[in-house]
Amino acid sequence: MSAGELSALGGRLRPPASKDVPEEVFQGIRSHLTRSLTDWTVSAADVRAVHGALGALPPGPYGAALERMERDGLLRAYVNAQDAGSRRAFLEQAEGKGVLQRSKGEVGPVDALGYPAVPDFFVNDARLPPAMRDAVNAHAIDVGVGFYKAHGEYLVRYALAVDQAASRRELGALGPPRAARLSESLLGLDWKDPARKDYEAAWKAGIGRPKSLNLTFQHVTARERELSGERAAGTVRLQGKLGAGTDSAQWAVKGSLDTRGQRELKGEAGVTLRSGPLKLELSQDTAGKKEATVKLDLGLVELSLDSGGAQRVAVGLGKALQAQVTLNPRKAEFEGGISAKVKADGDQAGVEAGFSMKGLSAQRARQAVDPGHRGVFQQPVELEARTAWDDLPRATRAAYVKDGWNQALWTQALAR
C-alpha cells in the first residue's frame, strides 16, 4: 500500500479481502444447477444465470465458489450443460478472475491466401478442479477442430489460386501449400500430470487429422503440366474425329474433352503417299502442329508409328469398322477406340471415337526422385546465380518467357 493510500484510510490498514462465498449467492447458483421433478434439466437460461452470478464475485470468492461447486458436484453439472459458446465465455471469465491461464498461439508470416494462425489455448493445469479441466480440454478440442476447418478453407483458396495462375512463374510465386500442425504441447499439460495421457488422447481423437496436402500437390502438378502444354498424369480424355477426303488428301475435325474439363477443337489437313502396303501420311492441324505417320497395311491388321512416338495397332471388324489401340511410351499415353470408313469412287469419309489415358512419363518419374531437379516453387538456377537477363542464351530466355518471365520481372527478382 502506498503512503497516499495509507493516509486516505486514516492510518488504518484495509482488512484482507475475504475468500468466502456469500451464502445467498451460492444458494442461487445451487438452485440453477440442482435437478428436481419439476425442474429436471439444466437449461441454457440456468447456464447464463450461473455465469452472471459467478461473474459478480471478486477473484478470491470466485475461486472459492468453483472449489465448493466441485465438491458439491455442481461444477460438473454446470460444465456438462454448456455449449461451445458458453464454455468459452466461462473459461474467459475464469481467466479474467486469475483462476485460469492462457498460452498464446503462433502467428506465422502473413499469407495472402489466409493461412490460419495457430490459436490460443487455455492451460490445463493439474491444480484446477477436475470438472474445469474437462471443460478446458473440451474447449481445446473446439479450437483444434476450428483450426483444421480453417486450414481446409485455406486449401480451397489455394487451389483456386492455382487454377488462376497464368504461367509457371505465377504458380511458383504462390509458394508450396502449408500444412496444418497442432502439437499436444499447446495444451500446457505438465509432464508429471497423471491425467496428461488421457487428456492428450481425448484431444487428438476429438480434433481428428488435418487435410492431407497430397491432393493439393497433385493439383499443382496438374496445373504445371497444363501451363507447360502437357496433360497431367491420371487424366482421361474422350475424343472424336470426323473426316473426309480422297486417297491422297484428307481433311478432318477433331474434338476432345478430358476429366479436368479441358476442351479442344481443331481442324487438320494432310496428304498421303503410298507404295504397296506402306503409307506415309503428312499432316498439320490448325494449332500448327505437324506430324508424320508411317503405316503398314497387312489387310486385317494395320500397324503405324508416328513422329510423336505413338505406336498403333488397328484390327478390322468387317469391311468398314476398325478397333485400334495406341501406346506412346514417350508421352506415357494409352488410347483405344473404334473407327468407321466409307469409300465411294475414290472419295472417302470416316468417323472415330475413343478415349485416351495419361500416365507418368519416364522423364517425369526421374524428376520425381531426382534431388537436383528444380520444381516450380524454386527460382531458376540462373537467377540464383545472379545472371542478368541479357546474359542468358537466347534459347534459355525463350524457355523462361514461356514460363511467364520477361526482362522486367527478371530484373526485379535480381534486385531483391
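Here are legends for several close-up views of this predicted model.

**View 1. Meet the largest nonpolar core.**
This core is built from 29 residues. The ones with the most contacts inside it are Phe 121, Phe 147, Leu 171, Leu 182 and Trp 203. Three helices, α7 (130–164), α9 (196–207) and α10 (214–227), each chip in at least two residues of this core. Helix α7 gives the largest share, with ten residues. Now zoom in on Trp 203 and look at what it touches, skipping residues up to four places away in sequence: its contacts are Phe 121, Asn 137, Ala 140, Ile 141, Leu 182, Ser 183, Glu 184 and Leu 187. There is also a second, separate core of 27 residues, and it includes Val 21, Leu 33, Leu 54 and Ala 94.

**View 2. Phe 121 and Trp 203 pair up edge-to-face.**
The structure holds six aromatic pairs, and this is one of them. A pair of aromatic rings is described by the distance of the centres and the angle of the planes. For Phe 121 and Trp 203, that comes to 6.2 Å centre to centre and 80° between the planes. Phe 121 sits in strand β2 (residues 121–122) and Trp 203 in helix α9, so their pairing ties together parts that are 82 residues apart in sequence. Buried or exposed, what are Phe 121 and Trp 203? Both are buried.

**View 3. Tyrosines in a cluster, with a charge on top.**
Tyr 154 and Tyr 158 have ring centres 6.3 Å apart and planes at 55°, so this pair counts as tilted. Both residues belong to helix α7, where they are four residues apart, or about one turn of the helix. Tyr 154 and Tyr 158 are both buried. Add Tyr 115, and you have one aromatic cluster made of Tyr 115, Tyr 154 and Tyr 158. Look at Tyr 115 again: the charged end of Arg 178 sits over its ring, 3.8 Å from the centre.

**View 4. An arginine over a tryptophan.**
Here Arg 196 lies over the face of Trp 191. The distance to the ring centre is 4.1 Å.

**View 5. Glu 23 and Arg 68 form a salt bridge.**
Side chains of opposite charge can pair when their charged atoms come close. How many salt bridges does the structure hold? There are 19. In the one shown here, the closest N and O atoms of Glu 23 and Arg 68 are 3.2 Å apart. The pair links distant parts of the chain, with Glu 23 in helix α2 (residues 23–33) and Arg 68 in helix α4 (residues 59–71), 45 residues apart. Glu 23 has 38% relative accessibility, so it counts as partly exposed. Arg 68 is partly exposed too, with a relative accessible area of 22%.

**View 6. A salt bridge between two strands.**
Glu 268 and Lys 241 meet through their side chains at 3.7 Å, N to O. Glu 268 lies in strand β5 (residues 263–275) and Lys 241 in strand β3 (residues 236–246), so the bridge ties together parts that are 27 residues apart in sequence. Why is Glu 268 called buried? Its relative accessible area is 17%, and buried means under 20%. Lys 241, at 26%, is partly exposed.

**View 7. Salt bridges that share partners.**
Glu 95, Arg 102, Lys 104 and Asp 120 are joined into one network this way. Within it, the side chains of Glu 95 and Arg 102 meet in a salt bridge at 2.7 Å, N to O. Glu 95 is partly exposed at 27% relative accessibility, and Arg 102 is partly exposed with a relative accessible area of 25%.

Key:
Residues are numbered from 1 along each chain as its sequence is written. This is a predicted model: local features need pLDDT of at least 70, side-chain atom pairs count only at pLDDT 80 or more; totals for chains, interfaces and linings use all residues. Side-chain values use heavy atoms; hydrogens and water are left out. A nonpolar core is a set of buried Ala, Val, Leu, Ile, Met, Phe, Trp, Tyr and Cys residues joined through side-chain atoms within 4.5 Å. Buried means under 20% relative accessible area, exposed over 50%, partly exposed in between (1.4 Å probe, protein chains only). Contact means heavy atoms within 4.5 Å. Rings of Phe, Tyr and Trp (its six-membered ring) pair if their centres lie within 6.5 Å; planes under 30 degrees apart count as stacked, over 60 as edge-to-face and the rest as tilted. A charge sits over a ring if NZ of Lys or CZ of Arg is within 6 Å of the ring centre and within 35 degrees of the ring normal. A salt bridge is a side-chain nitrogen of Lys or Arg within 4 Å of a carboxyl oxygen of Asp or Glu.
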